[in-house]
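Reader: I'd like a close look at the charged pairs in this protein, and at whatever sits around them. Could you walk me through them?

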Amino acid sequence: MRVIGLMSGTSYDAVDAAAADLRVEAGTLRLTPLGLISQAYDTRLRNELAAALPPAATTLETVCRLDARIGQAFAELAARADRELCDGRADLVASHGQTVFHWTDGGRVHGSLQIGQPAWIAERTGRPVVSDFRPRDIAAGGQGAPLVAVVDVMWLRDRPGRPVALNLGGIANITVPGGDGREPLAYDTGPANALVDAAVRHLTGGRRDIDAEGAMAARGTVHRPLLERLLAEPYYARPAPKTTGKELFHEGHLLAALDGLALPAPLPADDVVATVTALAAHTVADAVRSHAGTEVIASGGGTRNPTLMRMLAAALPGIPVRTSDALGLPAAAKEAYAFAVLGFLTLHGLAGTVPACTGARHAAVLGSLTPGAGPLRLPPPVQGGAPTRLRVDTSTT
């Protein structure tokens, strides 16, 4: 089955479409990557989205407009992915959508909203669409994240030692597959790109959105008092499973920490960016060490920041830090491939969560299904039940 996974993360800079050929053989889900294409949000849409995200106020009119326009952006990229990556023969589109709010209170998640109306995707491509993945896990008492955990557990369970899968998006999350009688676990460690991007936008007056190539952080010096003040955030001490987002780690969070320092003069911009980059490396490294990780397999946009990757490696001496490319899954596309897998599981009536990772009472089939142009035909049940392992087959790519 050819599935297109669509993903836009908490950095909301672009939509990624990854296509995969998926099939189950003898309890193993075999994934053949077919490629990745990306499309940046147009400037107007990105600015409107940024202006509506927490802690900003918004209106239902704005949410409605964004839901439609983001759905249209996803639809155009899905149609292009079908044409360019699947030879016009995609069977399914799995759309994560764009997260705009993750409702947490006292460590419990009560809701999570992803917009990007799937009807636009179904209408544009003619393919059925699985979307709205997170709410079912939340309804079952889970955090609704990190949903990539089911892929990581299947993918890494046979690796020696105690591997740690790391995603460096706006928020960083880890998965530890378990083994040797230990349950798997997964959770958000804290901000990765979220505070870096916020610092760059604020300090450049909006002229830049990201620290390209980690250049500002590389020039700067980590300011220890600011780092210690940021590390005092109570989220880091909470037990897993736990999730967070830009509802907490936004520009105001950084500005409050800077204001509390009462410095005689503002910190140089490069030093601020270096410090929030070090925060991401420090909190991830703390999490890896706390679970006796023996290797880190990283993916996500943060892997393109060489300063962050150097800081992370320095914080984990003796523990290899490599990207998922080394294991056959492109680091830039891993989350999109993960949602392709989740869509495949949903269409086959198979659970897409690991309760030990999200904290849910039970595993659940995720998402909602929007029919495509023709009659909706569900595939036959997977012989032998749900797959327990995932193999990435790159021999034909």
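Reader: Let's start with Arg89: is it buried, partly exposed or exposed, and what is its relative accessible area?

Author: Arg89 comes out as partly exposed, at 47% relative accessible area. (Buried is under 20%, exposed is over 50%, and partly exposed is in between, with a 1.4 Å probe and protein chains only.) Before going on, remember that this is a predicted model: local features need pLDDT of at least 70 and side-chain atom pairs pLDDT 80 or more, while totals for chains, interfaces and linings use all residues. Numbering starts from 1 along each chain as its sequence is written, and side-chain values use heavy atoms, leaving out hydrogens and water.

Arg89's partner is Asp87, and their closest N and O atoms are 3.9 Å apart, which makes the pair a salt bridge (a side-chain nitrogen of Lys or Arg within 4 Å of a carboxyl oxygen of Asp or Glu). Asp87 counts as exposed, with 55% relative accessibility. In general, side chains of opposite charge can pair when their charged atoms come close. There are 20 salt bridges in the whole structure, so let me pick out a few others.

Take Lys334 and Asp152, whose side chains meet in a salt bridge with an N to O distance of 2.6 Å. Lys334 lies in helix H12 (residues 334-347) and Asp152 in helix H5 (residues 149-156), so this pair ties together parts that are 182 residues apart in sequence. (Helices, H or I with at least four residues, and strands, E with at least two, are DSSP runs numbered from the N terminus.) Where Arg89 is partly exposed and Asp87 is exposed, Lys334 and Asp152 are both buried.

Lys334 also turns up in the lining of the largest cavity, along with Leu31, Val151, Leu329, Tyr337, Ala338, Val341 and Leu390. (A cavity is a set of 1 Å grid points where a 1.4 Å probe fits but cannot get out; lining residues have an atom within 4 Å of a point.) H12 gives the largest share of that lining, with four residues.

Now for Arg159 and Glu295. They form a salt bridge too, with 2.7 Å between the closest N and O atoms. This pair links distant parts of the chain, 136 residues apart: Arg159 sits in the loop between H5 and strand S7 (163-168), while Glu295 belongs to strand S10 (residues 295-299). The two ends of this bridge fall into separate accessibility classes: Arg159 counts as partly exposed at 30% relative accessibility, and Glu295 is buried, with a relative accessible area of 5%. Beyond pairs, there's a network as well: Arg23, Glu25, Arg30 and Asp393 are joined into one by salt bridges that share partners.

If you want a stretch with leucines to set beside all that charge, try helix H8 (residues 224-231). Leu226, Leu227 and Leu230 are buried there. They all lie on the same side of H8, because they cover an arc of only 100 degrees around the axis (the arc is taken over directions from the helix axis to the C-beta atoms). Among the parts that cover the buried residues of H8 are helix H9 (251-259) and helix H10 (269-290), with contact meaning heavy atoms within 4.5 Å.

So, back to your question in short: Arg89 is partly exposed and bridges to an exposed Asp87, whereas Lys334 and Asp152 make their bridge as two buried residues.

Methods:
On a 1 Å grid over the protein atoms alone, a cavity is a set of points where a 1.4 Å probe fits but cannot get out, and a pocket is an open set with protein on both sides within 12 Å along at least five of seven lines; lining residues have an atom within 4 Å of a point.
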